[in-house]
Amino acid sequence: QVQLVESGGGLVQPGGSLRLSCAASGSVFSLHAMGWYRQAPGNQRELVATITTSGITNYADSVTGRFTISRDNVKKLVYLQMNSLKPEDTGVYYCNCRVFSVNYWGQGTQVTVSS
């Protein structure tokens with residue numbers, strides 16, 4: 001079993017920044033691909049960013065150039081640095097761990113971008 005706990009969400013003004021963290025436990029962290037997803041009210045959960053075990057990253061078009069995903073395999077942490085935030089970035093952000101075709105999820109952390 002993989003346990004994931006997100007933190008770092010909150011209220012921020014447009015153009016501001018936040019850094020989300022995801023703490024992982026219960027498995028061999030360095031062997032798993034990780035990612036961040038988000039879900040706005042009434043919408044389906046969507047991919048934000050992923051990072052492979054070797055550090056290769058992938059981003060949704062909507063966040064490319066503004067968000068950065070990174071990982072620390074020693075501390076078993078995954079980060080999402082979010083810059084130049086827009087109101088449409090608002091939603092619950094979920095940490096994801098993929099073990100082959102099985103997805104594990106954290107409880108989510110709320111990000112609200114508003115004046």
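In this predicted model, four strands come together in an open sheet, running in the order S1-S3-S8-S7 with antiparallel pairing. Strand S1 (3–7) and strand S7 (67–72) are the edge strands, and each of them pairs on one side only. Averaged over the sheet and with direction ignored, neighbouring strands are turned by 15° against each other. As a reminder, strands of a sheet pair through backbone hydrogen bonds, in either a parallel or an antiparallel way.

A good place to look at this pairing is the end of the order where S7 meets strand S8 (residues 77–82): the two run in the antiparallel sense and share six bridges. Within this pairing, Ser 70 has Tyr 79 of S8 as its bridge partner. Tyr 79 also takes part in a cation–ring arrangement, with Arg 19 lying over the face of its ring at 4.3 Å from the ring centre. A second arrangement of this kind involves Arg 45, which lies over the face of Tyr 94 at 3.7 Å from the ring centre.

Attention now turns to the nonpolar interior. The largest nonpolar core comprises 27 residues, and Met 34, Trp 36, Leu 80, Met 82 and Tyr 93 are the ones with the most contacts inside it. Two or more residues each are supplied by strand S3 (18–25), S4, strand S5 (46–51), S7, S8, strand S9 (91–99) and strand S11 (109–113). S3 gives the largest share, four residues.

Met 82 offers a helpful view of how this core is surrounded. Once neighbours within four places in sequence are set aside, Met 82 is in contact with Gly 16, Ser 17, Leu 18, Leu 20, Arg 66, Phe 67, Tyr 93 and Val 111. Tyr 93, one of these partners, is itself among the residues with the most contacts inside the core.

Aromatic rings deserve a look of their own. The count of aromatic pairs comes to one. It is formed by Tyr 37 and Trp 105, whose ring centres lie 5.0 Å apart and whose planes make an angle of 80°, so the pair is edge-to-face, given that angles over 60 degrees fall in that class. The pair links distant parts of the chain, with Tyr 37 in strand S4 (residues 33–39) and Trp 105 in strand S10 (residues 102–105), 68 residues apart. How do the two partners stand with respect to burial, buried or partly exposed? Tyr 37 counts as buried because its relative accessibility is 16%, whereas Trp 105, at 33% relative accessibility, counts as partly exposed.

Notes: Residues numbered from 1 in each chain as written. Predicted model: local features only at pLDDT ≥ 70, side-chain atom pairs only at ≥ 80, totals over all residues. Heavy atoms only, no water. Phe/Tyr/Trp six-rings, centres within 6.5 Å; stacked < 30°, edge-to-face > 60°. Buried < 20%, exposed > 50% of the residue type's maximum accessible area, 1.4 Å probe, protein only. Lys NZ or Arg CZ within 6 Å of the ring centre and 35° of its normal. Pairing = 2+ DSSP bridges. Axes fitted to C-alpha atoms, helices over the stretch in contact; angles between N-to-C directions. Core = buried A, V, L, I, M, F, W, Y, C linked by side-chain atoms within 4.5 Å. Contact = heavy atoms within 4.5 Å.
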